[in-house]
Amino acid sequence: MMARAEFFLIKTEESIFHQILRSNACMAARGELTKRGKNNCSRTAEAKAGGWDADGKGPCAWDTFTHQGGERVFKNQTGDVACSSYTLWEEDLKCIKQLGLTHYRFSLSWSRLLPDGTTGFINQKGVDYYNKIIDDLLKNGITPIVTLFHFDMPQALEDQGGWLSEATIEIFDRYARFCFSTFGDRVKHWITLNEPNIFALMAYDLGFFPPGVPHNGTGGYQAVHNLIKAHARSWHTYDSLFRKEQKGVVSLSLFAAWLEPADSNSVSDQEATKRALAFEVGLFAKPIFIDGDYPEVVKSQIASMSKKQGYPSSRLPEFTEEEKKMIKGTADFFAVQYYTTRLVKHQENKKGELSFLQDVEIDYFADPSWKGVDWVYVVPWGLRKLLKHIKVNAWVECKYTQLCEGDKVCIGAFRKRGFRYQHVHSWPGKSRLRLELVRGNQLLKGFKSGSQS
């Protein structure tokens, strides 16, 4: 067994990064960023790379989705060119260096490496492209953090059911094994799935993301079920075949908006908020970090709704006992991507409408006083509360390996900033290390809440 620690990877909003990149703001921004220690920006393959059919890349579901038109994306834009990172990597690298970044997270395009999604044919030009990115980053003292899947399912696999198909679990595991084998000698920080909680909802329940076919109240849960098992399988693959030699870490990153009761004195709003957080974060965090199974409130809520709607059993699939054992503990750190906060009010599903959101039985909205752009409102105290929520629920008791020890990222950086840690348990030859993300009596003191606590 390995020791455990609390670690948070917070995402920098991509659009902000790319507004800075390729502009005269690079040098001006550097001073502020480098004052803060470890700095990370990220990019997604589909949204930033462009070169959608260049050098043997196969189409992904977003290529098909955007090419079909119909105003399903803003002004019928596509990812054909995007930010042209595929051809302008050298320019991006210059800006990354000017910004003084220590870490750079990017996602691999599954269909650029494996055009039909399987290892039956490997696109060497895709491999060369990512090898160059990784090597260039390392030559410049920048740590690569690599995401295997960021919403861009190869179209060939989407045609076979995508994440609704249980066969995708094995196919994803083979893809992950290929990536670990090909890049793992240099990549030590892996994210299997980016924001699978929001992806499953948007793609397979609501149909707002490709393939664009809604399966209200059923598809999202089936996708969640398969995504969790695919992540767990790939984690075990790394753990059994690559960890000893490569000494890296593997997790997934979850989308998490902080949710606050609209009426702090309303018991129904308080319960609705707890329920919503269980559906939003706990749906993935509890099985992976705690016990291999979904939160009880999620299971009971969906079962109750399903019964009212005339289903013979719950619309939420069940894990077998063997699967629970396989899923439990399959993360080496906790990665969360916070953007904004919402207020939550209980709203009964009186009509028995069929959808993921109706199962939660809430209404959610922003406070009129909050400032923001589009759906992202600036609520810094929400991040503080989110991290406290993660800590209280013990999801941060994740496995601890070379992310802290080898790179000396966590312990050294946290101690210098006043965070404390202690050994709380030991196994033969191993320590269970608990990093308390506290400075004085405050959690992450930099995110002060004012009157919020």
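Of the 453 residues of the protein, 55% count as buried. Buried means under 20% relative accessible area, exposed over 50%, and partly exposed in between (1.4 Å probe, protein chains only). The model is predicted: local features need pLDDT of at least 70, side-chain atom pairs count only at pLDDT 80 or more, and totals for chains, interfaces and linings use all residues. Residues are numbered from 1 along each chain as its sequence is written, and side-chain values use heavy atoms, with hydrogens and water left out.

**Exercise 1. Overall make-up**

Task: State how many helices and strands the protein has, and describe its contacts and its exposed surface.

Solution:
- Step 1. The protein has 19 helices and 17 strands. These are DSSP runs (helices H or I, at least four residues; strands E, at least two), numbered from the N terminus.
- Step 2. Take contacts between residues at least 6 apart in sequence: 76% of them join residues at least 24 apart. Contact means heavy atoms within 4.5 Å.
- Step 3. About 19900 Å² of the protein is exposed, and carbon and sulfur atoms supply 52% of that area. Accessible areas come from the Shrake-Rupley method with a 1.4 Å probe; for residues, only the protein chains shown count as cover.

**Exercise 2. Strands S4, S5 and S6**

Task: Work out in which sense S5 pairs with S4 and with S6, and how enclosed S5 is.

Solution:
- Step 1. Strand S4 (residues 103-107) pairs with S5 in the parallel sense, over five bridges. Two strands pair if DSSP finds at least two bridges between them.
- Step 2. Ser107 stands opposite Thr147 in S5.
- Step 3. S5 and S6 are also paired in the parallel sense, over four bridges. Here Ile145 faces His189 in S6.
- Step 4. Strand S5 covers residues 143-149, and six of its seven residues are buried, so the rest of the structure largely encloses it.
- Step 5. Move on to the loop between S5 and helix H8 (155-158), where Phe151 is found. Phe151 is not a glycine, yet has a positive phi of about 75 degrees. Its relative accessibility is 11%, so Phe151 counts as buried.

**Exercise 3. Thr192 and Asp173**

Task: Find which residues Thr192 and Asp173 are in contact with, leaving aside neighbours within four places in sequence.

Solution:
- Step 1. Thr192 lies in strand S6 (residues 189-194). With 0% relative accessibility, Thr192 is buried.
- Step 2. Beyond neighbours within four places in sequence, Thr192 is in contact with Leu148, Phe149, Phe172, His231, Ser234, Val250, Ser251 and Leu252.
- Step 3. The side chains of Thr192 and His231 make a polar contact (2.7 Å). A polar contact is a pair of N or O atoms within 3.5 Å; within protein, one must be able to donate a hydrogen and the other to accept it, and residues adjacent in sequence count only if both atoms are side-chain atoms.
- Step 4. Ser234 is 42 residues from Thr192 along the chain, with 7.6 Å between their C-alpha atoms.
- Step 5. Asp173 is in helix H9 (residues 167-183). Asp173 is buried, at 2% relative accessibility.
- Step 6. With the same neighbours left aside, Asp173 is in contact with Arg233, Ser234 and Thr237. The side chain of Asp173 also makes a polar contact with that of Thr237 (2.6 Å).

**Exercise 4. Helix H10 and its flanks**

Task: Follow the chain from Glu195 through H10 to Pro211.

Solution:
- Step 1. Glu195 sits in the loop between S6 and H10. Glu195 has a positive phi of about 45 degrees although it is not a glycine. Glu195 is buried, at 6% relative accessible area.
- Step 2. Nine of the 10 residues of H10 (residues 196-205) are buried, so the rest of the structure largely encloses this helix. Among them are Phe199, Leu201, Met202 and Tyr204.
- Step 3. Gly207, just after H10, takes a positive phi of about 75 degrees.
- Step 4. Pro211 is placed in the loop between H10 and helix H11 (219-241). The peptide bond from Pro210 to Pro211 is cis, with omega near 15 degrees.

**Exercise 5. A three-stranded sheet**

Task: Give the strand order of the open sheet that holds S8.

Solution:
- Step 1. The order is S8-S10-S11, with mixed pairing.
- Step 2. S8 (258-261) and S11 (362-365) are the edge strands, each with a single partner, so one side of each lacks a neighbour in the sheet.
- Step 3. S10 (residues 341-346) and S11 run antiparallel, joined by four bridges. Val344 is opposite Tyr364 in S11.
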